Amino acid sequence: MKKIILFSRYSKPAIKAGGPIKSIENIIKIYGDKYNILLVTGDRDLDQKVFKNITFNKILKKGQLRKIYLKKNKQNFKEYMKILDNFNPDTIYLNSFFDFKFSILICLINKYFTKKKLIISPRGELLLDALRTKYFRKKLYILISNFLKLNLDTTFHLNSIKEKNQTKTEIGLKSKYKIFPVFYPTQKKVDYKQLNYDRKKLKILFVSRIIKNKNLDFCLKVLEKIDFECEFNIIGEIEDNVYWEYCSKLIKNLNDNIKVNYLGTKKRDQVFSLMRKSHCLFHPSKFESFGHVIFESLLNGLPVIISKNTPWQNLKEKK
């Protein structure tokens, strides 16, 4: 049985870091019985709160999956070398391109020491809009990695043609680029009786991290123009406090016919339950590598309003 080691800063029980957590979770669900997998991950969620009731720095086994939660002081060259030497994987899979401790450091180790097959999933980090944040720092690393030929024999796992083209522009033609839509395990079918058909009050759902890219302020500006009863529920971690303050001011200025509820972060089954009680998902993000929430909304029978800045294009002709 082939051995695969996955490196991802965030994984369950983390829930606040968005799509990359779901991507890793889904890969494990689908391939956990086919490969011997070791997941190396961090000790905390996006809010920096350290997990409770978890054994750290020790390989935990569950079926075919092995998982190790590394404390912050163990996320280093020496520890990674020890883990890679002991596990001796056939393939290394990285769930980020720019994460120093969970991607860049492993790329350097693999280039000069372990020399294993390497797969990187940048999760949209190399899209043009994503590069605008911390632009010079990111471009400097791309320049250095290209000079050192860190990604010469790397396979990039990408979610769309757009992401492939923009990644190829940044990294060059000598790497390998594979497009696979985000893997999803089999889902339970939704009974239509679970869905909300009461239209007396339109219930709109927003599920995303609270950052500029997810465009919550645009949603609120649209709601300003609505003249009927509407309930707008917001789920997501507040990552940008200044942006949330701006959005909060927009919420206060809404008319009385619009009721806004900020529900904080929720577990996946809680989000699914709210999806079935809502009438549409409003997700006008400025860019998406894939958009897990779009797919999950459709899985739960909830129509979606999205921007044109996602891979979800030409849906009408594709039925």
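A salt bridge is a side-chain nitrogen of Lys or Arg within 4 Å of a carboxyl oxygen of Asp or Glu. The exercises below concern a predicted model.

**Exercise 1. A salt bridge inside one helix**

Determine whether the side chains of Glu 79 and Lys 82 satisfy the salt-bridge criterion, locate the pair, and classify each residue as buried, partly exposed or exposed.

*Solution.*
Step 1. The N to O distance for Glu 79 and Lys 82 is 3.7 Å. Because the cut-off is 4 Å, the two side chains meet in a salt bridge.
Step 2. Both residues belong to helix H2, which covers residues 77-87. They are three residues apart, about one turn of the helix.
Step 3. Glu 79 has a relative accessible area of 10%, so this residue is buried. Lys 82, at 46% relative accessibility, counts as partly exposed, since that class lies between 20% and 50%.

**Exercise 2. Salt bridges between distant parts of the chain**

State how many salt bridges the structure holds, and describe the pairs Lys 16 with Glu 237 and Glu 25 with Arg 268.

*Solution.*
Step 1. The total is 17 salt bridges.
Step 2. Between Lys 16 and Glu 237, the N to O distance of the salt bridge is 3.6 Å. This pair links distant parts of the chain, 221 residues apart. Lys 16 sits in the loop between S1 and H1, and Glu 237 in the loop between strand S10 (230-235) and helix H8 (241-252).
Step 3. Lys 16 is buried, because its relative accessible area is 16%, under the limit of 20%. Glu 237 is likewise buried, at 15%.
Step 4. In the salt bridge of Glu 25 with Arg 268, the closest N and O atoms are 3.1 Å apart. Here helix H1, which holds Glu 25, is linked to helix H9 (residues 268-277), which holds Arg 268; the partners are 243 residues apart. Both Glu 25 and Arg 268 are buried.
Step 5. Glu 25 and Arg 268 also belong to a network of salt bridges, together with Lys 12, Lys 22, Lys 29 and Glu 296.

**Exercise 3. The second largest pocket**

Give the volume of the second largest pocket, and work out which elements and residue classes form its lining.

*Solution.*
Step 1. The space in this pocket is about 500 Å³. Its lining consists of 17 residues, of which Ile 4, Thr 91, Tyr 93, Lys 117 and Ile 119 are the closest to its centre.
Step 2. At least two lining residues come from each of strand S1 (3-8), helix H1 (19-31), strand S5 (91-94), strand S6 (117-120) and strand S7 (155-158). S7 gives the largest share, three residues.
Step 3. Sorted by class, the lining has eleven nonpolar, three polar and three charged residues.
Step 4. Thr 91 can be followed further: this residue lies in strand S5 and is buried, with a relative accessible area of 11%. Its C-alpha atom is 5.9 Å from that of Lys 116, although the two residues are 25 residues apart along the chain.

**Exercise 4. A nonpolar patch on the surface**

Identify the residues that form the nonpolar patch on the surface, and explain why Tyr 112 meets the accessibility limit for a patch.

*Solution.*
Step 1. The patch is formed by Phe 77, Tyr 112 and Phe 113, which together have about 320 Å² of accessible area.
Step 2. Tyr 112 is part of helix H3, residues 100-114.
Step 3. A patch residue needs over 30% relative accessible area. Tyr 112 has 43% and is partly exposed, so the limit is met.

Conventions:
Residues numbered from 1 in each chain as written. Predicted model: local features only at pLDDT ≥ 70, side-chain atom pairs only at ≥ 80, totals over all residues. Heavy atoms only, no water. 1 Å grid on protein atoms, 1.4 Å probe; cavity = no way out; pocket = protein on both sides within 12 Å on 5 of 7 lines; lining within 4 Å. Points joined across faces, edges and corners; volume = space filled by probe spheres on them. Helix = DSSP H or I, 4+ residues; strand = E, 2+ residues; numbered from the N terminus. Nonpolar A, V, L, I, M, F, W, Y, C, P; charged D, E, K, R; others polar. Patch = residues over 30% accessible without salt bridge, like charges linked within 9 Å, V, L, I, M, F, W, Y side chains within 5 Å. Areas by Shrake-Rupley, 256 points an atom, 1.4 Å probe, with all protein chains shown as cover. Buried < 20%, exposed > 50% of the residue type's maximum accessible area, 1.4 Å probe, protein only.
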